[in-house]
Structures are given as C-alpha cells and as structure tokens.
Amino acid sequence: MAILFPMPKRYWLMKCEPAAYTIDDLARDGRTSWEGVRNFQARNFMRDDMQEGDEALFYASNADPSGVTGLARIARAGYPDPFAWKKGHKYYDEGSTAAKPVWYSVDLAYVATFPAVVSLETLKNTKGLEQMMVIRKGSRLSVQPVTKSEFDIVARLGSKRGR
DNA sequence: GCCAACGTTGGC
DNA sequence: GCCAACGTTGGC
C-alpha cells in the first residue's frame, strides 16, 4: 500500500516558454495548474509518476538565455486536464472525456527563484549533468525526469549569487 | 527568423 | 505497418 510504502520523492524538469509562463508568474501566483501538455510521454510522467511533494526544476525554453530559472514543487499529483474538455479552447481535444481522459495536469507550487538563470550552456558544462535529457540536441520533451543528484547540483548552482 | 530534430497524421 | 508530409519545438 502506498501508505505503508510511500514512493520515494522524484525530481523533474518542467519546460515552459517565458511568453506563456515564468517563474515570476509562479512566484506571484504561489501555485498554478500545469495544463496543456499534449505529448504522450510527458503525459505518462504526469499521470503515472508525479507525486505531491516531488520537486522540479523550472526551465525557461526559447528564452535569452534558456535555462533553469527556479524551483517548484508538485502540489497535486496527476489529474485529468479539464482544458481538454473546454470546447473551443486551444487545449480542447474531443477524444478526451470525463470517463476516459486522455490528457493530464498537475499543480505546481512556487519554491524559489534563482538570483541568476542557470543557463543551458552552464548545464552543458557542469560535471555530473552529462546525462541530463535537456542538454541533448533535439530534446523536446517538456516534462523530464532528473535524478536527485542532478537536481541538487542545479539547485546549488542556482542558489549562488552573481554568477 | 532560420532550420534541424522530432512527434503525429494519414494515405496506401 | 510503412513512411512521406506536415506541424511544432526550441537552440541559435
């Protein structure tokens, strides 16, 4: 049972373009729903593996520079994405029903804003991060698992001032 | 804005 | 089930 054998905490990287949502937006909101993920692999992570209390690196893609801008926590595990049911909405998907939802959301809570972006270039040049999915060319997955070790290294880099 | 890399779609 | 066409992502 999950109560007796709780899942160990997992770590994630969540991508978002600054035009859509930023770590500052999350700091302002405190908490937000992470809807609109329309990729099956990312969906599976959100639906099957993310648990409340998991920690996440907040990654700004298509940014200047792109990189990790802060930290977040999973505040609610996967639940059916209600936007998939909103007819006319850009996230609407007629294939998703309440009985058989196709897409899933999670809720994210704000944890911290890095004083400076940990850029993609820094990630690429940091020992211990060689296996990170996000530094691989052509990696487009918007929800990625990271190891505790990778999370800790990036969180430490991010906590340094004046980088 | 370019374009390579990738995921999805649809004809067959 | 193959694979070309298409749309999107995202670094640069």
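Hi everyone, let's start at the DNA. Around DNA strand C we find Lys15, Tyr59, Ser61, Asn62, Ser66, Leu120, Lys124, Ser139 and Arg140. Please keep in mind that this is a predicted model.

What kind of surface do the residues near strand C make? Four of them are polar, three are charged and two are nonpolar. And which parts of the strand face the protein? Of the strand C atoms within 4 Å of the protein, 70% are sugar or phosphate, and the rest belong to bases.

Now for some individual contacts with the phosphates. Lys15 uses its side chain: an N or O atom there is 2.7 Å from a phosphate oxygen of DNA strand C. Asn62 and Arg140 come in through the backbone instead. For Asn62, a backbone N or O atom is 3.0 Å from a phosphate oxygen of the strand, and for Arg140 the corresponding distance is 2.8 Å.

Let's move inside the protein. The largest nonpolar core has 20 residues, and the ones touching the most other members are Trp12, Met14, Trp34, Met50 and Val143. At least two core residues come from each of β1 (11-16), α1 (23-29), α2 (40-49), β3 (55-60), β4 (67-80) and β5 (104-119). Apart from that core lies another one, with 18 residues, including Phe114, Val146, Ala155 and Leu157.

Trp34 deserves a closer look. Leaving out residues up to four places away in sequence, Trp34 touches Met14, Lys15, Cys16, Tyr21, Met46, Phe58, Tyr104, Ser105, Val106 and Leu108. You'll recognise Lys15 in that list: its side chain is the one by the phosphate oxygen of strand C. Thanks for listening!

Definitions and conventions
Residues are numbered from 1 along each chain as its sequence is written. Chains are lettered from A and ligands numbered from 1 in the order in which they are written. This is a predicted model: local features need pLDDT of at least 70, side-chain atom pairs count only at pLDDT 80 or more; totals for chains, interfaces and linings use all residues. Side-chain values use heavy atoms; hydrogens and water are left out. A nonpolar core is a set of buried Ala, Val, Leu, Ile, Met, Phe, Trp, Tyr and Cys residues joined through side-chain atoms within 4.5 Å. Buried means under 20% relative accessible area, exposed over 50%, partly exposed in between (1.4 Å probe, protein chains only). Helices (H or I, at least four residues) and strands (E, at least two) are DSSP runs, numbered from the N terminus. Contact means heavy atoms within 4.5 Å. A residue is near a molecule or strand if one of its heavy atoms lies within 4 Å of it. A polar contact is a pair of N or O atoms within 3.5 Å; within protein, one must be able to donate a hydrogen and the other to accept it, and residues adjacent in sequence count only if both atoms are side-chain atoms. Ala, Val, Leu, Ile, Met, Phe, Trp, Tyr, Cys and Pro count as nonpolar, Asp, Glu, Lys and Arg as charged, and the others, Gly among them, as polar.
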